[in-house]
Amino acid sequence: MRTDNVEYCTFSGWVDPPADILPALAGDLTCDVAVIGGGLGGMSTALRLAERGQDVVLLEAEFCGHGASSRNAGQVAGAPGGDLQLLNLFYRKKMPGMVRLAERAAHYVEDLIKTHGIDCDYEQNGNVFAAVSRGQLGRVRRVAKILHRAGGHVELGTSEELGIPRGFLGGMREVVGGIMNPGKFTSGVRRALLDSSARVFEQTKVTDVTRDRGQVVLTTAQGVVRAIKVVLATNAYAGEWDITPPRLSAPIWVIEVETEPIDPARLAALGWTRRSGLVTQHNIMENYRLTPRNTIVFGVRRLERGTTYPLPPKKPDPALVEELAEAFARRFPALSDVAIDRAWGGWIAITSSWLPLAGQIDDNIIYSIACNGHGLAQAPYVGSLIADLLIDGERHEDLAGLWMKKPKFPRPMMMGRLGLRTIWAVDRFNDFVNGSRRNARRGSTPTT
Ligand SMILES: Cc1cc2nc3c(=O)[nH]c(=O)nc-3n(C[C@H](O)[C@H](O)[C@H](O)COP(=O)(O)OP(=O)(O)OC[C@H]3O[C@@H](n4cnc5c(N)ncnc54)[C@H](O)[C@@H]3O)c2cc1C
């Protein structure tokens, strides 16, 4: 693949920043509920509160959609994230609830698109756990069994049966969900929020969260907000305040890249007939998906741990773009001459359990952080359930399933630099062994 002319973006490859960024808060105000963070999670909480007639203020450090929500791969998952075999081992009883939440979250997003008429190129064609080796195929079969037992809607098949590129051996399709342009979706949710009665302040970073006489006080550069209740929806940035429970999540940087437009006849020759998004079954996945502009967006493969707050703005590391290009050429040999046009990345919050979670700090601050790599659908769904909890005082069963009774969290395992490097090395070793076996079958020299 050619990587000599890559545009390294500081924001997203999907959309430009909005042209109408709102002014910062200037002065003091009071409200019933203040939401901190204008990603899909925070925006959906504020939108739902406003739609249900509540007095809500949303404060966003940059502009709504500046974070992971506009930067992700646009794969609307219909199954929970994380290592499902491990999750099943440790949280077997929780699996049906997690599967139900994932599917309902995807449907919630579909409803949001319809209700607000959001043009985001949504294709309801599911996503496929795609196997690149026999070992991965075995893993996919085991995961399919787990999901099926937990009530999930999944189907196993060969690459022909699933309509995925022939370079993959087969896999499991999540029937619920699909692919979209997440930048356009997030812009659409922002538009709906700005059209609602919610008071929204962009370019307004909350620098401190304290309490005073039963109220929560949010400090910003040019004003103070006093609220009866506060929702922390700052995802990976949550560790910036003392008030955030220690070890709530680890901030992890992941990247996506996009090819140049590819001749439709060459794309058609891949056999990717159903156009489902793909995720490989490495410990750290690779994802691949088509776009309406005849490009392929792909990414992840390596996770970088953020170690200091505030999290720095970052551009992708060219060495990782090279590595993704090599992986692409292996998965799509017929397209190995194609160029990468752009690369971008974003911060996500990973929890020690790899499960999404929410909870309460004392009685007036709710946090909903860390839908891990599956927040495109889950963050807005959970956000809307939090709004309902604030109004009705009752937790929906899906919110109850991820509710933490006490904000106490173990140290995340393998999330340090060494741990992440080790997981990456195991994946590369397995790729090497599988490449060698394939080549031995074909009678050629081993490659990775
Ligand atoms: C490269 C990449 C690929 C991904 N791929 C997928 C995918 O295909 N499918 C999927 O389901 N998920 C995917 N994800 C994960 C998904 O994007 C996230 O889980 C989801 O967007 C989280 O939404 P959020 O609202 O919680 O956080 P964010 O969108 O990150 O929003 C948090 C917001 O809080 C604001 N903020 C932070 N600190 C402050 C402060 N002090 N004051 C005010 N505002 C503040 C930030 O500016 C930001 O706008 C991916 C993520 C990345 C980065």
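A residue is called buried when its relative accessible area is under 20%, exposed when that area is over 50%, and partly exposed in between (1.4 Å probe, protein chains only). The structure described here is a predicted model, in which local features need pLDDT of at least 70 and side-chain atom pairs count only at pLDDT 80 or more, while totals for chains, interfaces and linings use all residues. Residues are numbered from 1 along each chain as its sequence is written, and side-chain values use heavy atoms, with hydrogens and water left out.

A good place to start is the pair formed by Arg301 and Asp431, both of which are buried. Their side chains meet in a salt bridge with an N to O distance of 3.8 Å, a salt bridge being a side-chain nitrogen of Lys or Arg within 4 Å of a carboxyl oxygen of Asp or Glu. Arg301 sits in the loop between β16 (296-300) and β17 (304-305), whereas Asp431 belongs to helix α12 (residues 417-442), so the contact ties together parts that are 130 residues apart in sequence. Helices (H or I, at least four residues) and strands (E, at least two) are DSSP runs, numbered from the N terminus. The two residues also take part in a network of salt bridges that links them with Glu286, Arg302, Glu323, Arg331 and Arg428.

Across the whole structure, the search finds 35 salt bridges. One of these joins Arg100 to Asp398, with the closest N and O atoms 3.1 Å apart. Arg100 lies in helix α4 (residues 95-115) and Asp398 in helix α11 (residues 397-402), so this pair connects parts separated by 298 residues in sequence. Arg100 counts as partly exposed because its relative accessibility is 31%; Asp398, at 2%, counts as buried.

Arg199 and Asp55 form another salt bridge, their closest N and O atoms being 2.9 Å apart. Here, too, distant parts of the chain are linked: Arg199 is in strand β9 (residues 199-201) and Asp55 in the loop between α1 and β3 (56-59), 144 residues apart. Relative accessibility is 32% for Arg199, which is therefore partly exposed, and Asp55 is likewise partly exposed at 29%.

Turning to the ligand, 36 residues surround it, and Gly41, Glu60, Ser69, Gln75 and Gly373 come nearest; a residue is near a molecule or strand if one of its heavy atoms lies within 4 Å of it. By class, this shell holds 14 nonpolar, 18 polar and four charged residues. In this scheme Ala, Val, Leu, Ile, Met, Phe, Trp, Tyr, Cys and Pro are nonpolar, Asp, Glu, Lys and Arg are charged, and the others, Gly among them, are polar.

Backbone atoms approach the ligand at several points. A backbone N or O atom of Val206 is 3.0 Å from a ligand nitrogen. Polar backbone atoms of Gly375 and Leu376 lie 3.1 Å and 3.0 Å from an oxygen atom of the ligand, respectively. The protein covers 96% of the 1000 Å² of accessible area that the ligand has on its own, with areas taken from the Shrake-Rupley method with a 1.4 Å probe. Elements giving two or more residues to the shell are α1 (40-51), α2 (68-71), β13 (250-259), β18 (340-350) and α10 (375-392).

Finally, the search finds zero disulfides, a disulfide being a pair of cysteine sulfur atoms within 2.5 Å. For Cys31, the closest cysteine sulfur is that of Cys64, 15 Å away and so too far for a bond.

Key:
Polar contact = N/O pair within 3.5 Å; in protein donor to acceptor, adjacent residues only side chain to side chain.
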